[in-house]
Amino acid sequence: MLFRSPLSSTHKRLLANAMHDQADKLRKLVREAVAQHGSLALGSPLVAMTGSTPGVGVTSLVRALAIELVRLGKQVIAVDVNLTSPTLAGEFGVRPRGSISDVLAGKRRANEVLVTADHGLRVLPSSCEPGPLDEKSVGRLINELGSLNHISDVLLLDCGHGMNPWTNRIWQLAAHVVLVMTPSDNSTLDAYTAVKLADRNQIGDKLRLAINRCSQESDALAIHGRMAETCQRFLACPLQAPATIPTQSLGEDSSYRRAVRMLAADLACDFRTVASQLASHATRNSIASSAMKSAGGDGNLLTELHSS
């Protein structure tokens, strides 16, 4: 039988330093993952859906996408952050019992305003009275959205159309930004304007075009190619591969449903990728978590993130 000799004080000190270094590396890796995918800090990925111009079908696409994500096994909350002309509650056929304005003002919690729609979806409605939009109110809303992570896998945000400071802030928080447009020249120009007015340093590579009411994928690819080249050349803003969405039609096997289902599958795959990156960092550095506990910390990564 082998017996280990007691560690000297020098060896104990060196081991403790090494474990603290690993703990620091773990914190850094997690913070980097959150910096690259901001929705991790909130707990559930945010998908910001914005129209290039009025009438391009953002709200209808939000509903269709939410249904397909539910069919993929996701718990979905659709949030109306359109503070000028909210229509999400009507699209889902639900009666609001409060709005996002109440959450911004601190009058109600987000879970108190949620209403249940068909397919097991939940909706957080908005109203035409936006309420306060100061930093404290926006921070309150962000915290409230984060509090929904125990009942959701994804938050779909209907941002309305165009770019403004409010939408820009939502884009920064989102893990994915879907800019909905149609093949018309006006819609293309407005889509480019929205990207130009956004804080592109915070967008990274999370922007994707959804070209709605486009029957030919070749047309969508041509539009995307011109947009991608222009955005990269003049704005240094890359675009993800586009989603081609034909004109909305009924039927389980319609081309519209298939296209939305493919977009939902792409997003769901990205959700898993982001989550696995964070889990991988934590798994590879599990010894560091033990080190934090040994050093008197609680080892809670979320606590570490929110306290930093």
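Two strands pair if DSSP finds at least two bridges between them, and helices (H or I, at least four residues) and strands (E, at least two) are DSSP runs, numbered from the N terminus. The model is predicted, so local features need pLDDT of at least 70 and side-chain atom pairs count only at pLDDT 80 or more, while totals for chains, interfaces and linings use all residues. Residues are numbered from 1 along each chain as its sequence is written, and side-chain values use heavy atoms, with hydrogens and water left out.

**View 1. Welcome to the whole chain, with its 12 helices and 8 strands.** Of its 308 residues, 46% count as buried; buried means under 20% relative accessible area, exposed over 50%, and partly exposed in between, with a 1.4 Å probe and protein chains only. The accessible surface comes to about 15,500 Å², and carbon and sulfur atoms hold 51% of that. Such areas come from the Shrake-Rupley method with a 1.4 Å probe, and for residues only the protein chains shown count as cover. Among contacts (heavy atoms within 4.5 Å) between residues at least 6 apart in sequence, 76% join residues at least 24 apart.

**View 2. Here is the open sheet, built from 8 strands.** Follow the order β3-β4-β2-β5-β1-β6-β7-β8, and note that the pairing is mixed. Strands β3 (115–116) and β8 (243–245) are the edges, each pairing on one side only. Strands of a sheet pair through backbone hydrogen bonds, either parallel or antiparallel.

**View 3. Zoom in on strand β5 (residues 154–161) and its partner β2 (residues 76–80).** These two strands pair in the parallel sense over 5 bridges. Along them, V76 stands opposite V154, and V79 stands opposite L157. Strand β1 (residues 46–51) also pairs with β5 in the parallel sense, over 5 bridges, and there the bridge partner of M49 is D158. Since 7 of the 8 residues of β5 are buried, this strand is largely enclosed by the rest of the structure.

**View 4. Now meet V79 in the largest nonpolar core.** A nonpolar core is a set of buried Ala, Val, Leu, Ile, Met, Phe, Trp, Tyr and Cys residues joined through side-chain atoms within 4.5 Å. This one has 48 residues, and those with the most contacts inside it are V79, L157, W166, W171 and L207. Helix α9 gives the largest share, 5 residues. Another core, of 36 residues, lies apart from it, with V115, A117, V180 and A210 among its members. Leaving out residues up to four places away in sequence, V79 touches L88, I100, L124, L145, L156, L157 and D158.

**View 5. Helix α8 (residues 185–197) lies across β6 (176–181) and β7 (207–212).** The helix runs at about 155° to β6. Axes are lines fitted to C-alpha atoms, for helices over the stretch in contact, and angles run from 0 to 180 degrees between N-to-C directions.

**View 6. Two loop residues, H119 and A236, have a positive phi.** Most residues other than glycine have a negative phi. H119, with phi near 65°, is found in the loop between β3 and β4 (122–124). At a relative accessible area of 42%, H119 is partly exposed. A236 has a phi of about 55° and lies in the loop between α9 (217–235) and β8. With 60% relative accessibility, A236 counts as exposed.
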